[in-house]
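Thank you all for making time this morning. I would like to walk you slowly through one structure, so please keep the picture in view while I talk.

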Amino acid sequence: MRRWLASGFITAYLAFLGYGIVSHALRFQTFAHPVMYFTVWDMFCGWQAYESRVHLVAEGESGQIYELSPPPWSEFAPFGDLARTHYDVLGNSFKRIALNTLKYTQHEPMRRILIVEEVWQKKYNLPDDLWAVRFDEPKDPKSYFWLRGTFTPDGDLQYAVPDFISHSGALAVASNPRLQADAQRGRPFFAVNPAHQGNERLLNDPTRWAGGDNSLLPYAH
Amino acid sequence: MKLRWKQARQCLDEFFFSTETPFGLAMMRIALPLVMMTMVLPRWPYTRELYSLDGATAQLGMGYGYANFLPEFSGEIAVALNTLLLFAMGCVLIGWQTRISLLLCFVLYPYFALLDSISTLTKYSVITTHLLLLLSCSNCGALWSVDAWLANSKSPPRALPAVFPIWPRRLLQLLIGIIYFGAAITKMNTPTFLSGDQLQLWMLTHINFRHPLGEWLSLYPVLLKSMAYVTIVWEMTFVFLVWRGLWRPWVLAVGVIFHFMTTLTLGLFIFPMTCYTSYLAFVDEEDFLWTRNLVRGWIRQSSWIPRQAWTAFSARCGQLLGAPARWRQPAFVAFPMCALLAAVSGVGIEYWQDPFDVRRPEGMHELRPLTPEFAARLMSPAERIRDKDKFFAIDTGTILVGDLLADRRRVFNYGETMIAQCHLVPPHEDMWIECKILDSDNRLIDRAGNIALRESFRLNFEYAITRAIDPGDYSLVFETGGREVLRKRITVVDDKSTVAAH
């Protein structure tokens, strides 16, 4: 009986690991369920040429801007010296983190919560001595600030756009006038596309760079 | 056919169901909670904030479309459960109620990790979860543990402690091989991995611990490209070569070096420690006994180890504790009592700690206002990426290896062909890039242009250094859309020894 149980467990476990490998290799159902995270080994699967940080801030009714992350009580830095918000690539946690800071602090009435992304080219991360080895120019770092989204103080989504690099990539594609004209020509005339009703339209509008179905939305602040 | 099938089955039986004393797994049982402490202990004071309804969880399920994949509890319950996890880890370490403790860890550790996908859950927590599951199936508590001591009087002493089927260790070994195989598939699916671009930019990323060697290595993309090939070949072949023969020590040694290099070049600490712990699955009975004999021989020969004092101390402890049998029943009852006590103490300590500072005399914290200057920067209108940020660097040399300059230098001799390589980074649009050569008086000597498509990472310009150019200093000026972006100084000489010196 023990032997049969052990054999069953071995078979099931290896099947689970094997399914992860096949799913990952063929890119089939890789994100179908959270359990897939335990069988898909996609370490260091992505990268960007730009370093990114997130500033979670709130705008008071007086116009003063307040920092929400790191919170005033203490800062938790999970993998070095950065607060946890900087590791949220998808931005799913920003609202809860912001509301949590508001909940446990004294503050004036707030007008809105803002998520601002700061990005800079990674070459500026080189220390000065290594920079001098490779570059003739002096270091001239520049941060780009990009409003990714806003919430009401109650947590209702007001505005959301993709991150700065996705936006810049879309601009690079859209810099082709012929493609832009084709995209405009090929779209039916509807003021609002019924398929994009609800909040999802704010986040997933693949034609946004060419005007999009919801072009009344502000593209940038 | 039937015979072959029988042989295959016999081999499989031998592979999974032969027996051994689980030395390797016992060592893993001791090492794993120590590694887990580095993840769980720093997060414990933030339990309420990271893992409870009173804080701001970030469930992994959200990203997969399962908003409420796991139940969330109030702060007190979350703290009690997280303290219970710490208690269970301690019990695994000393081997007290080992299997129950491992199962507790197997449930609680991934639960908390899944609740906080941004600062707790990583692939090393996934590997740890697998290790916990497989260890809980094994008899890793049969050695060097409280359980083993309590069970001591049950069976007569033998030359070797009890033996058990090997299949949990085999599954652990297969798991490690499959992880590397999956990681290799990831790299194959990432086109920029083999070109070295991904590694170069990861080594310049500042989101992990400091890694100065990585920053330095990012100056040598050819080296990174070579390392990328070695890594992918090693990861693909690990699962096939690690079992026996000459390859085994080599494959494992490369693994040890590989993970050590990830610490130096990427700033990873816990991931290598987790992997080293998992490598203990490759310690078999023979390896352990060989090492033990070696160490024992060394101890016998060394005069500075107080062997007699240690023997006396062990004997004294034995006298104080008495026969293990008298502790068996109290230990069984004490386990749930201690677990309960630990959980309640955890809740009490956390209350006293007041993680959000809401009970301090001056009341809750006030929000920190941003300086007007920084607030103005945050709220400034969005800008387009500057030209100079679309370029990574300009390199000059003469030899291309895999489209990367292998001999980066600035001094060139007559007869050589200089390659000026312009590194670009995405995102950038299709660009017309011009390379001009200016002499020391800023006079135009030559110019060439080419198109860099939006997916291009590199654009090469080749110049034959001929007698048409006088020896001296020159500047390479790179422009796009008529705007100067970067400059690079080079020197033309009429002397091979000068080139060699540079």
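**Where the two chains meet**

Let me begin with the contact between the chains, to which chain B gives 81 residues and chain A gives 75 residues. On the side of chain B that touches chain A, the largest share comes from helix α8(B), residues 167–188, with 11 residues. If we sort the residues on that side of chain B by class, we count 48 nonpolar, 18 polar and 15 charged. Please bear in mind throughout that this is a predicted model.

Now let me take the chains in turn, starting with chain A. Its secondary structure consists of six helices and six strands, and if you read along the sequence, these follow the pattern α-β-β-α-β-β-α-β-β-α-α-α. Of the 221 residues in chain A, 25% are buried. Among the contacts in chain A with a separation of 6 or more, 58% are between residues 24 or more positions apart.

The next item is a sheet, and here I would ask you to look at both chains together. Which strands form this open sheet, and in what order? There are six of them, in the order β6(A)-β5(A)-β4(A)-β1(A)-β2(A)-β4(B), and the pairing is antiparallel. The edges, where a strand pairs on one side only, are β6 of chain A, residues 157–160, and β4 of chain B, residues 368–369.

Let me go through some of the pairings in that sheet. Strand β1 of chain A, residues 50–60, runs antiparallel to strand β4 of chain A, residues 110–121, and 11 bridges join the two. If you want places to look, A:Gly60 stands opposite A:Met110 in β4(A), and A:Glu59 stands opposite A:Arg112 in that strand. On to β5(A), which pairs with β4(A) in the antiparallel sense over seven bridges; here A:Val116 has A:Leu147 of β5(A) opposite.

At the place where the sheet passes from one chain to the other, strand β2 of chain A, residues 65–67, is joined to β4(B) by two bridges, and these strands run antiparallel. The bridge partner of A:Tyr66 in β4(B) is B:Pro369.

Two helices of chain A also belong in this part of the picture. Helix α2 of chain A, residues 94–103, lies across β1, β4 and β5 of chain A, and runs at about 40 degrees to β1(A). Helix α4 of chain A, residues 164–174, likewise lies across β1, β4 and β5 of chain A, and runs at about 65 degrees to β4(A).

Let us turn to chain B, whose secondary structure comes to 20 helices and 14 strands. Why do we call chain B more spread out than a compact globule? The reason is that its radius of gyration is 31 Å, well over the 23 Å that the globule rule gives for 502 residues. Taken along the principal axes, the C-alpha atoms of chain B fill a box of roughly 95 × 70 × 60 Å. Buried residues account for 38% of the 502 residues in this chain. When we take the contacts in chain B between residues at least 6 apart in sequence, 70% of them join residues at least 24 apart.

Within chain B, I would like to point out one pair of helices, namely α2(B), residues 23–43, and α14(B), residues 270–279, whose axes come within 9 Å and cross at roughly 170 degrees. Since angles over 145 degrees count as roughly antiparallel, that crossing makes α2(B) roughly antiparallel to α14(B). On the side of α2(B), the residues that meet the other helix include B:Met28, B:Leu32 and B:Val35, while those on the side of α14(B) include B:Ile270, B:Met273 and B:Thr277. By class, this contact of α2(B) with α14(B) has seven nonpolar, three polar and no charged residues.

Finally, chain B has an open sheet of three strands in the order β5-β9-β12, again with antiparallel pairing. Its edge strands are β5(B), residues 391–397, and β12(B), residues 458–464. Direction ignored, neighbouring strands of this sheet are turned by 15 degrees against each other on average. Strand β9 of chain B, residues 417–424, is joined to β12(B) by seven bridges and runs antiparallel to that strand, and there B:Ile419 stands opposite B:Glu462.

How values were computed
Residues numbered from 1 in each chain as written. Chains lettered and ligands numbered in written order. Predicted model: local features only at pLDDT ≥ 70, side-chain atom pairs only at ≥ 80, totals over all residues. Pairing = 2+ DSSP bridges. Helix = DSSP H or I, 4+ residues; strand = E, 2+ residues; numbered from the N terminus. Contact = placed C-beta atoms within 7 Å. Axes fitted to C-alpha atoms, helices over the stretch in contact; angles between N-to-C directions. Parallel < 35°, antiparallel > 145°, perpendicular 65-115°, else oblique. Nonpolar A, V, L, I, M, F, W, Y, C, P; charged D, E, K, R; others polar. Rg over C-alpha atoms; globule rule 2.2 N^0.38 Å. Buried ≥ 20, exposed ≤ 12 C-beta atoms within 10 Å, placed from the backbone.
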